[in-house]
Amino acid sequence: MKTKRKTLDQKTWKKLIKILDDEYSLYIRRRDKFKCVCCGKKGFEKDGVMDNGHYFGRAHFSVRYNDDNCHCQCKKCNYTHTIDKTKYTIALLNKIGKDRFEKLSIKANHSGNFTRYDLITMIKYYRKINQEYETKKQIW
Ligand SMILES: [Zn+2]
């Protein structure tokens with residue numbers, strides 16, 4: 001028997017965060033062509049070895065879905081930067097420049113809170129981008 005899937009409107013806030021994390025992670029990794037921002041290691045969509053690495057961790061909700069804060073990372077670099085941020089800081093400064101880096105740092109320290117409506121809007125937005133990518137295979 002086929003069970004009917006819950007629509008986004010029926011899902012809890014926590015579940016919406018999980019869906020958005022997955023959708024956004026795919027968007028970031030595709031944007032960066034599955035190449036690690038820190039060491040240059042290359043992965044593929046199907047092998048699952050690349051992560052969406054948050055410079056400011058996921059607890060910083062204001063930049064949890066921020067394109068300057070999130071970059072493709074291999075699992076090793078993603079783990080390493082939780083202990084030592086030096087490598088990621090250098091890579092980030094090279095990629096986005098000092099001005100954007102400073103703006104990101106300010107934004108990261110603001111509290112950000114998403115309503116269920118915000119999350120549903122973002123899920124739909126990144127889903128659309130991810131679906132477009134699947135049909136065109138090149139949006140960036
Ligand atoms: Zn790496």
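**Exercise 1. Place Thr 115 in the chain and decide whether Thr 115 is buried or exposed.**

Step 1. Thr 115 sits in the loop between α3 (86–108) and α4 (116–136). Helices are DSSP runs of H or I with at least four residues, strands are runs of E with at least two, and both are numbered from the N terminus. Residues are numbered from 1 along each chain as its sequence is written. The model is predicted: local features need pLDDT of at least 70, side-chain atom pairs count only at pLDDT 80 or more, and totals for chains, interfaces and linings use all residues.

Step 2. Count neighbours. A residue is buried with 20 or more other C-beta atoms within 10 Å of its own, exposed with 12 or fewer, and partly exposed in between; C-beta atoms are placed from the backbone. Thr 115 has 10 other C-beta atoms within 10 Å, so Thr 115 is exposed.

Step 3. Look across the chain. Leu 16 is 99 residues away in sequence, and its C-alpha atom is separated from that of Thr 115 by 10.0 Å.

**Exercise 2. Describe the largest nonpolar core.**

Step 1. Such a core joins buried Ala, Val, Leu, Ile, Met, Phe, Trp, Tyr and Cys residues through C-beta atoms within 7 Å. The largest has 24 residues, and Leu 20, Cys 36 and Cys 38 have the most contacts inside it.

Step 2. Two or more residues each come from α1 (13–31), β2 (70–74), α3 and α4.

**Exercise 3. List the contacts of Cys 36 beyond four places in sequence.**

Contact means C-beta atoms, placed from the backbone, within 7 Å. The partners of Cys 36 are Lys 41, Met 50, Cys 72, Gln 73, Cys 74 and Cys 77.

Notes:
Contact = placed C-beta atoms within 7 Å.
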